[in-house]
Amino acid sequence: MDKGKVLVKGSEELKGKFKMRKIHLLLLLFATLAPSLRAEYQLGDHPRIFINKETLPDLAVRARGDGMLAEDYALIKIEADYFVRNQALKQPTSQWHPPYDMVCSALAYLVERELGNENADEYARAVVNVWGDGLILTNLGNKHFGNHAIVYDWIYDALTMEERKKYGDFLGGWLLYY
């Protein structure tokens with residue numbers, strides 16, 4: 001027998017009851033707090049992944065400025081323009097090559113729209129043309145969920161209600177695996 005341990009008849013039963021009381025207390029506490037926690041969280045406007053409405057104006061100005069971001073944006077814009085011209089992903093089913101051309105197009109949509117470019121929608125429309133019926137967004141085969149989800153967020157304002165629903169439903173199917 002270990003020193004310091006006192007065996008009391010029925011002590012295992014008492015431990016079990018005590019554990020159950022702790023679990024019940026935690027459940028009660030969670031049930032009490034959960035509604036108030038839920039009420040405080042609200043989704044913001046799109047975009048909201050990495051970029052939001054508050055950070056977008058500064059991003060757009062710096063993308064067209066003289067700094068390092070402007071140099072990077074010039075490369076992004078070249079890739080986005082290529083995507084718009086070709087209306088196709090370079091490697092649509094490659095698990096090793098994420099669809100960065102499409103991501104560039106979505107980012108160009110945000111920046112160009114923010115800067116007042118009247119042709120900004122062509123970047124979002126190119127994505128919609130590639131997504132087509134939405135089957136490219138399924139989790140079957142070699143796909144890149146994260147990239148498609150970011151693009152969906154970034155071009156959300158350019159989508160019709162029907163497109164939002166259709167593409168959102170396809171992307172939502174991935175959530176069973178994350």
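**Helix packing and selected residues in the predicted model**

In this predicted model, the protein chain has an average pLDDT of 82, and 74% of the residues score at least 70. Confidence varies among the elements of the chain: the lowest mean pLDDT, 58, belongs to helix H1 (residues 11-40), and the highest, 97, to helix H5 (residues 121-131).

The secondary structure consists of seven helices and zero strands. Read from the N terminus, the order of elements is accordingly α-α-α-α-α-α-α. The chain has 178 residues, of which 34% count as buried. Of the contacts between residues at least 6 apart in sequence, 68% join residues at least 24 apart.

One helix pair was examined in detail. Two packed helices are described by the angle between their axes and the distance between the axes. For helix H4 (residues 100-114) and helix H6 (residues 145-155), the axes come within 9 Å and cross at roughly 20°. Because angles under 35 degrees count as roughly parallel, H4 is roughly parallel to H6. The crossing of H4 and H6 is left-handed. On the H4 side, the contact is made by Tyr100, Met102, Val103, Ala106, Leu107, Tyr109 and Leu110. The residues contributed by H6 are Asn147, His148, Val151, Trp154 and Ile155. Classed by residue type, the contact of H4 with H6 has ten nonpolar and two polar residues, with no charged residues.

Trp154, which takes part in the contact between H4 and H6, is also in contact with Phe50. Phe50 is placed in the loop between H1 and helix H2 (56-63). Phe50 and Trp154 are 104 residues apart in sequence, whereas their C-alpha atoms are 9.5 Å apart in space. Leaving aside neighbours within four places in sequence, Phe50 is in contact with Ile150 as well as Trp154. Phe50 has a relative accessible area of 69%; because this value is over 50%, Phe50 counts as exposed.

Lys77, by contrast, is buried. This residue lies in helix H3 (residues 68-86). The relative accessible area of Lys77 is 17%, and the assignment as buried follows because the value is under 20%. With neighbours within four places in sequence left aside, the contacts of Lys77 are with Arg64, Glu112 and Tyr123. Of these partners, Glu112 falls within the residue range of H4 (residues 100-114), and Tyr123 falls within that of H5 (residues 121-131).

Notes:
Residues are numbered from 1 along each chain as its sequence is written. This is a predicted model: local features need pLDDT of at least 70, side-chain atom pairs count only at pLDDT 80 or more; totals for chains, interfaces and linings use all residues. Side-chain values use heavy atoms; hydrogens and water are left out. pLDDT is the predictor's confidence in each residue, from 0 to 100. Helices (H or I, at least four residues) and strands (E, at least two) are DSSP runs, numbered from the N terminus. Axes are lines fitted to C-alpha atoms, for helices over the stretch in contact, and angles run from 0 to 180 degrees between N-to-C directions. Angles under 35 degrees count as roughly parallel, over 145 as roughly antiparallel, 65 to 115 as roughly perpendicular and the rest as oblique. A crossing is left-handed if the near helix is turned anticlockwise from the far one by less than a right angle, and right-handed if clockwise. Contact means heavy atoms within 4.5 Å. Ala, Val, Leu, Ile, Met, Phe, Trp, Tyr, Cys and Pro count as nonpolar, Asp, Glu, Lys and Arg as charged, and the others, Gly among them, as polar. Buried means under 20% relative accessible area, exposed over 50%, partly exposed in between (1.4 Å probe, protein chains only).
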